[in-house]
Amino acid sequence: MPERYRSIIDVHVILERGEEILLLERQGTGYCDGMLHLPSGHLDEGEPVTEGAVREAREEIGVRIDPADLRLATVVHHRQRPDLARVGMFFTTVRWEGEPYNAEPHKCGRLLWCDPAVLPTNTIAYPAAGINAYLTGTPLTLHGW
């Protein structure tokens, strides 16, 4: 019998401010440095997806979000490479406490508010797929399969 399939669960936070969303420029991580991504990360063992999203936003951009203020926008099943897939849960919110700032300067070069309908060309394809699905109301996207 084949081994049971397991996947990494990612959480992504789309902070909505007017007509813009917040992106972070990756640096010093070894993964897509110089490219843009949403505040995000993977779940810790035993952590609910909403708590993971809240934690990642606090760690990366220093804001506090009430889990009740998160809305699931879309799910992206992303194939990163032939032997690795991830399930990305993309949450949106218009409510948070604090002004976003670069809380991890060793991993982030800068923060950028931008129009989600016109993403910068250096946006990583995986979060771009989630942002596009959020804009179009698509509940599930397969990316890289």
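Here are a few notes on this predicted model, covering a helix, two cysteines and a pocket.

1. Start with helix 2, which runs over residues 125–136. With twelve residues at 1.5 Å a residue, the helix should span 16 Å, and its end C-alpha atoms do sit 16 Å apart, so the two agree. Right after helix 2 comes Gly137, with a positive phi of about 75 degrees.

2. Which residues of helix 2 are buried? They are Tyr126, Pro127, Ala128, Ala129, Gly130, Ile131, Ala133 and Tyr134. Several strands help to cover them, including strand 1 (8–17), strand 2 (20–26), strand 5 (71–81) and strand 8 (140–143).

3. Now the cysteines. How many disulfides does a search of the whole structure find? Zero. Take Cys108: the closest cysteine sulfur, in Cys114, is 13 Å from its own, and a disulfide needs the pair within 2.5 Å, so that is too far for a bond. Cys108 counts as buried because its relative accessibility is 4%. Cys114 is buried as well, with a relative accessible area of 7%.

4. Last, have a look at the largest pocket, which holds about 500 Å³ of space. Its lining has 21 residues, and Arg26, His37, Ser40, Gly41 and Glu60 are the ones nearest the centre. Strand 1, strand 2, strand 4 (40–42) and helix 1 (49–61) each give at least two residues to that lining.

5. What is the lining of the largest pocket like, nonpolar, polar or charged? It divides into nine charged, seven polar and five nonpolar residues.

Methods
Residues are numbered from 1 along each chain as its sequence is written. This is a predicted model: local features need pLDDT of at least 70, side-chain atom pairs count only at pLDDT 80 or more; totals for chains, interfaces and linings use all residues. Side-chain values use heavy atoms; hydrogens and water are left out. Helices (H or I, at least four residues) and strands (E, at least two) are DSSP runs, numbered from the N terminus. The expected span of a helix is 1.5 Å times one less than its number of residues. Buried means under 20% relative accessible area, exposed over 50%, partly exposed in between (1.4 Å probe, protein chains only). Contact means heavy atoms within 4.5 Å. On a 1 Å grid over the protein atoms alone, a cavity is a set of points where a 1.4 Å probe fits but cannot get out, and a pocket is an open set with protein on both sides within 12 Å along at least five of seven lines; lining residues have an atom within 4 Å of a point. Grid points are joined across faces, edges and corners, and a volume is the space filled by probe spheres set on the points. Ala, Val, Leu, Ile, Met, Phe, Trp, Tyr, Cys and Pro count as nonpolar, Asp, Glu, Lys and Arg as charged, and the others, Gly among them, as polar.
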